Amino acid sequence: MLKFLSVGALVLLFSSPLMAQEYEDHNAMLMDHGQGHLMDMAGGMVMGQNADKLPGGCDSIAETKEITVHAGHKYAEKFPGRMFAFDTQEYNFKPCTKLTVHFINDDHIRHQWMMHGLPKYLYPKGMFHLEVSGPAKISGTLILPPGDKTYLVHCDIAQHMEKGMKAQLKVGKGDGDLPSIPGITAYTIPDDYKATLPELAAAAEKSAVEAVTAVPGAATTMSALPPVQKEEPVFSGITVIGLAIGLLLAPFLVKKFKGMSVSEAVAYIFDLLRSLIELVVNSLSALIKLIFSNKSKMLPGK
Ligand SMILES: [Cu+2]
């Protein structure tokens, strides 16, 4: 009897780690919030759900496919230096495929399967997105656009992509490979364990300086600037507003200046500017008066 009991205990002991992981299934709990956005109270989320609207350029659904994607720390173990990963790093589908993704998060934290670059008229912000705190599963459906294109799929939780949770989904032949896909493509900036920290800092500063001096005209002011300087866009917002006002005023001014001499025109422009400045000054002083009179009203009667 004792023998049987101990055998039973041993069997239980050894089988417990082999027992299947319990996943919380979010698919029955999701509430439809419209525009392909589904959520539940337990933190499951689907965005960009689209099971029936054909993207422009698709005459019909080419294929109906279902995949199961796992996400978790254990899938990164085969990639040195990575911390998180999906179980698959590359997916291939025909254009106009109706794709259902069953996303299974094996970790006891939050993960996403987020796809970017989709047409924005069908997918809010161009995204299809499954998200859940694990261990749990959640499913969503989308229809892939036509054409050959490579789409980024990643987990957008802070640093999860950088730590390996990144994949690419190729529609048709795709249009190239994305960098830093574990096991598929190299890092954009490879880790260098031989260089010391001051060396790396010096190299980063040098490349930043090169980037700034590469902008024409920036070289002369370089010495006065800190090494990392954001370059100004050629057309700033103010330039655009100025151009718009100029274009609006041009026909009016052309009509006004007809038959005037140059000196008359210049005098007229100065007059216009003077009244404009007057208007601004007057309204400013009125505003200041208003503020001060309000303040004095608000003061307690002492
Ligand atoms: Cu994640």
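1. Helices here (H or I, at least four residues) and strands (E, at least two) are DSSP runs, numbered from the N terminus. Residue numbers start from 1 along each chain as its sequence is written. Keep in mind that this is a predicted model: local features need pLDDT of at least 70, side-chain atom pairs count only at pLDDT 80 or more, and totals for chains, interfaces and linings use all residues.

2. Confidence comes next. pLDDT is the predictor's confidence in each residue, from 0 to 100. The protein's mean is 83, with 81% of residues at 70 or more. Residues 218–227 have pLDDT below 50, and in the model that stretch has eight contacts beyond near neighbours in sequence. A contact means that two C-beta atoms, placed from the backbone, lie within 7 Å.

3. Now the overall make-up. The protein has four helices and 13 strands. Among contacts with a separation of 6 or more, 64% are between residues 24 or more positions apart. Of the 302 residues, 19% count as buried. For that label, 20 or more other C-beta atoms must lie within 10 Å of the residue's own; 12 or fewer makes it exposed, anything in between partly exposed, with C-beta atoms placed from the backbone.

4. One open sheet has eight strands in the order β2-β3-β4-β10-β9-β12-β13-β7, with mixed pairing. Because β2 (31–32) and β7 (90–93) are at the edges with a single partner strand each, one side of each has no neighbour in the sheet. Pairing requires at least two bridges found by DSSP between the two strands. Inside this sheet, β9 (residues 110–115) runs antiparallel to β12 (residues 149–154) over two bridges, and Met 114 sits opposite His 154 in β12.

5. The other open sheet to look at has five strands, ordered β1-β11-β8-β5-β6, again with mixed pairing. Its edge strands, β1 (24–25) and β6 (85–86), each pair on one side only. Here β8 (residues 97–105) and β11 (residues 136–143) are antiparallel partners over eight bridges; Lys 98 faces Ile 143 in β11.

6. What about the core? A nonpolar core is a set of buried Ala, Val, Leu, Ile, Met, Phe, Trp, Tyr and Cys residues joined through C-beta atoms within 7 Å. The largest one holds 36 residues, and Phe 103 and Trp 113 touch the most other members. Setting aside residues up to four places away in sequence, Phe 103 has contacts including Val 69, Ala 71, Trp 113, Leu 130 and Ile 138.

7. Helix α2 (residues 197–213) is a different story. None of its 17 residues is buried, so to speak of cover, there is hardly any. Its end C-alpha atoms are 24 Å apart, which agrees with the 24 Å expected at 1.5 Å a residue (the rule being 1.5 Å times one less than the number of residues).

8. A few loop details deserve a look. Ala 42 lies between β3 (38–39) and β4 (45–47) and is exposed, with 12 other C-beta atoms within 10 Å. Beyond four places in sequence, Ala 42 contacts Glu 24, His 26 and Met 29.

9. On backbone geometry, the Gly 134 to Pro 135 peptide bond is cis, with omega near -5°; Pro 135 is in the loop between β10 (128–133) and β11. Lys 125, not a glycine, has a positive phi of about 60° and belongs to the β9–β10 loop. Gln 159 also has a positive phi, near 75°, and is exposed, with 11 other C-beta atoms within 10 Å.
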